[in-house]
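Reader: Hi! I have a structure open and I'm not sure where to begin. Could you walk me through it?

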Amino acid sequence: MNKIGLFFVLFFLLIGYRQGVSQCAQNWDEAQSEFKEGHLYSIPSLLGDCIDNGFTKPEKIEAYRMLTVTYLYIDDPYGAQNSFLGLLKLDPEYRIKPSDPIELEQLSKEFITTPILSWRVRGGINYSLISSLYKNGVGNTNLDTDRYKGLIGANIIGSLDIHFNKVVSLGIDADVGINKYSYTNKLFDDSNGNQNSKDPQTFSEWGYNVGLPIYLKFTYPGVKYYPYVYGGYSPNYNVYTSSIASYSIVQGENINPIGPKSLDISSIRNRFSNSIILGGGLMRRFGYKYVFIDVRYKLGLSNLLNKETQYAFLSEPDKYPEIVEYSSLYQKIDDSFRESDLSLTLGFVWPQYKPRKKKTVTMGSMFNGIFKKKGKDE
Amino acid sequence: MNRKELFYLVLLLLFVGCDNASNIEPTADKYFLKFYGQTGDQEGVDVKETPDGGFIIGGNSISTFGGTSDYLLIKTDAEGNQEWQETYDFGGDDRMTKVLVESGGYLIAGTSELSGSTKIKILRIDTDGNKLMDHTYDSTNVYSYKCNDITVTSSGDFLVVGTYSGLVNGKLGGNSVQAIIYNNLSEGQHHENGMGDGGPDLIFVRGLEVINNYAVGGPELNFLVYGYSQSGSTINLELYQSNLNFGEIGWGLPEPLNVLDTKLADAILSTDDTYMTLTTSEKEAFLIRVIENPDNERYLFSPPSLIRAENEIAGTSIVQKLDENYIVSAIINEPNSNQTSSVILETGEFGSVKWNNILGSESSYTSGGAVVLADGSIAYTGTAGLESQTKVFLVKMKSNGEMK
């Protein structure tokens, strides 16, 4: 096809499209007029074809609304339901306007307009909180002179929310995080005979870990803002742990620093751990998308110290050379400890809607639904 | 189990599965690595278990650069937490060799440099570290003493053994066996007897074992004295049986033991009828089993067992486990460097190594004494080199060497 031929094809397609649009505009005007005059039975035929082909999305939404009301007035409930479902497919979170008739408002309550799934992605910062379960160390562990201090880490989280209804959903996360904290202590007796008072040691530890939190979320269905709270459980996998060790030998006025040196201490950390998560946040709607801010407390349940390998560097020094250095030169024998964290993240939500006719749902029925045996469902 | 029950079970497991202070196994409750020290350099030379389940660690401390050494005594609880730390300064270079636990306190022995010569210094310390008694042993003819061991008999008396250099046959020189037997420090009663004649064979006594724990002064009290002698460039293990008066030197070594080129006796351990000698050659350490023969006149030596031959090694101490195997602490000289590692190992009855733990792959560590505790676990002390300072370490482990 030459260029002239291509031009004519495009020209006639455009002309046809413009004519179709123009016809649907006339149909829309005529349908509005008929609706005002109460001539309802002609409206479905005026709008039907243009809904399929011709109207823009806002026009389709208005057309479905008019059709729904029309079917309600002519006492055709199935037609009303189908039209309203068509509306909801275009505007899943359609909200009843003050100008809408009471019949439409009643009908709308029979439909679920919340998404069935929501995809989320978010990122932010966390602050680690260390709980020492049993104090170990090369110094006097009866003296409370050592200190843990949380440091700022980071999280990137991808999530899937499975919505049971407007209020309750099940969230599943893939949480990749870096947690950091520091440990400071002093070793040996100072010149006055005070224990754990002479040589300062500092360890800045960071761990790269992956969690798979699963939690139940309760959302208050607001108009623009949607506050929510949730709670659940997270299994975690510790991928890698490193500690930046430094130590100073104090001899009177002289200070001899050792390090800092980064040491791989993954071998003395438990790979798997468990956490309970509690959180809450606020979603803000923008069109059919949301942005949200989330605060989460992740309560570590598991001891992260690997007791099997903590002292194995003595019997297998060649296998654990960095632990030899960590424990012998930098003089760090770790406590048994749990790590919790507080995180603050910002993110986006992409809901996937499936408007459908509602069954009667209560809290009780929802939980019964969750626990219902498969055979009964079928 | 239906889904609801499963859900509640999972919730229950989550909370029960929470690690906390009450259900976590305290790793340091039984096994630990501890460091002790103060300003300057400290070394650990000996450790004993105390009646309260804790430890008393003897060592030395140099608190100022270029200064002299002081006795150092550290008391810890059963978890190795320091309860107190004391130094004892006699003005010169003071070197502790051994620490013993006795009723109401501790007995420590070593030497002290006083008035230009080195004397034997013995202290009696109470359980809080206060000095109860301070005894210096000296002899006008002796230039320098070396205190190597102190042993308590069943009657509560004790013996100190070592070497001295002094005037022998009218000239300075010669090292000889030196034993001082005390009935009571305050009374200062002692016996002193020497072995060796100041001739070309120098005898360096490293320690002794009481063979029969009869009361001091009893007619049949015997000692097995061990050490080494030097004749020209050859060093040989020496072993003597002696009675109380040291006047009757028993015997030296039978010929088979002389197959070793160079030997130093580091420690000896007596059992009912045998004596296990920890012996060091230039690059090897050996255990030599000494068996008392029926007529009690001679001792037989089993072929020496090699316990490690990779690097230069020097034995430090040997103790017997409850299962009759042996715990050996030693120092390994790393090749081509001045660095040393501390090793503790278990050997079987004939010297085969069952396990070993090494400290000092990154830093220089040396071993002190080891002790088998009442529950069968093992502790040992030594010196940790931490860049520009040295500190005392104490390690405790299971009877099988595991520290987890």
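Author: Happy to; we can go through chain B, its strands, the cores and a disulfide in turn. One thing to keep in mind is that this is a predicted model.

Reader: Good to know. How many helices and strands are there in chain B?

Author: Chain B has one helix and 28 strands.

Reader: And how much of chain B is buried?

Author: Of its 404 residues, 56% are buried. The accessible surface of chain B is about 16,700 Å², and carbon and sulfur atoms contribute 47% of that.

Reader: Let's look at some strands. Which strands are in the open sheet with S2 of chain B?

Author: That sheet has four strands, ordered S2-S3-S4-S5 in chain B, and the pairing is antiparallel. Strand S2 (41–49) and strand S5 (82–88) of chain B each have a single partner strand, so one side of each has no neighbour in the sheet. From one strand to the next, the twist averages 20°.

Reader: How many bridges join S2(B) to S3 of chain B?

Author: Eight bridges join S2(B) to strand S3 (residues 55–62) of chain B. To see one spot in that pairing, find Glu49(B), which stands opposite Phe55(B) in S3(B).

Reader: Found it! Moving along the chain, what about S7 of chain B: is it enclosed or open?

Author: Strand S7 (residues 105–114) of chain B is largely enclosed by the rest of the structure, because eight of its ten residues are buried.

Reader: Which strands does S7(B) pair with?

Author: S7(B) pairs with strand S6 (residues 94–102) of chain B over eight bridges, in the antiparallel sense. S7(B) also pairs with strand S8 (residues 117–126) of chain B, again antiparallel, over ten bridges. If you want residues to click on, Val101(B) has Tyr106(B) in S7(B) as its bridge partner, and Ser112(B) has Lys119(B) in S8(B).

Reader: What happens in the hairpins there?

Author: The hairpin of S6(B) and S7(B) has two residues between the strands, and Gly104(B) takes a positive phi near 85° in that hairpin. The hairpin of S7(B) and S8(B) likewise has two residues between its strands. There, Ser115(B) has a positive phi near 50°.

Reader: Now the other end of chain B. What is the order of the sheet that contains S1?

Author: This open sheet has four strands in the order S1-S28-S27-S26 of chain B, with antiparallel pairing. Its edge strands are strand S1 (32–36) and strand S26 (365–372) of chain B, each pairing on one side only. Inside the sheet, strand S27 (residues 378–386) and strand S28 (residues 389–397) of chain B are joined by nine bridges. One place to look is Ile378(B), whose bridge partner in S28(B) is Met397(B).

Reader: Which helix packs on that sheet?

Author: Helix H7 (residues 321–329) of chain A does, touching S1, S26 and S27 of chain B. The direction of H7(A) makes about 45° with that of S1(B).

Reader: Is H7(A) covered or exposed?

Author: H7(A) is mostly covered, with seven of its nine residues buried. Among them are Ile323(A), Val324(A) and Tyr326(A). Just after H7(A), Gln331(A) has a positive phi of about 60°.

Reader: You mentioned cores. Which residues touch the most other members of the largest nonpolar core?

Author: Those are Phe313(A), Leu359(B) and Val395(B), in a core of 53 residues. Beyond its neighbours within four places in sequence, Phe313(A) contacts residues including Tyr320(A), Ile323(A), Leu33(B) and Leu359(B). There is also a second, separate core of 26 residues, with Tyr71(A) and Leu104(A) among its members.

Reader: Why would residues like that gather inside?

Author: In soluble globular proteins, nonpolar side chains tend to be buried together.

Reader: Last topic, the disulfide! Where is it?

Author: Cys24(A) and Cys50(A) form it, with their sulfur atoms 2.2 Å apart. A search over all chains finds one disulfide.

Reader: What does the disulfide tie together, and why is it called left-handed?

Author: Cys24(A) is in helix H1 (residues 3–37) of chain A and Cys50(A) is in helix H2 (residues 43–52) of chain A, so the pair ties together parts 26 residues apart in sequence. The torsion about the S-S bond is about -95°, so the disulfide is left-handed.

Reader: And are the two cysteines buried or exposed?

Author: Both Cys24(A) and Cys50(A) are buried.

Key. Residues numbered from 1 in each chain as written. Chains lettered and ligands numbered in written order. Predicted model: local features only at pLDDT ≥ 70, side-chain atom pairs only at ≥ 80, totals over all residues. Heavy atoms only, no water. Core = buried A, V, L, I, M, F, W, Y, C linked by side-chain atoms within 4.5 Å. Buried < 20%, exposed > 50% of the residue type's maximum accessible area, 1.4 Å probe, protein only. Contact = heavy atoms within 4.5 Å. Pairing = 2+ DSSP bridges. Axes fitted to C-alpha atoms, helices over the stretch in contact; angles between N-to-C directions. Areas by Shrake-Rupley, 256 points an atom, 1.4 Å probe, with all protein chains shown as cover. Disulfide = S-S within 2.5 Å.
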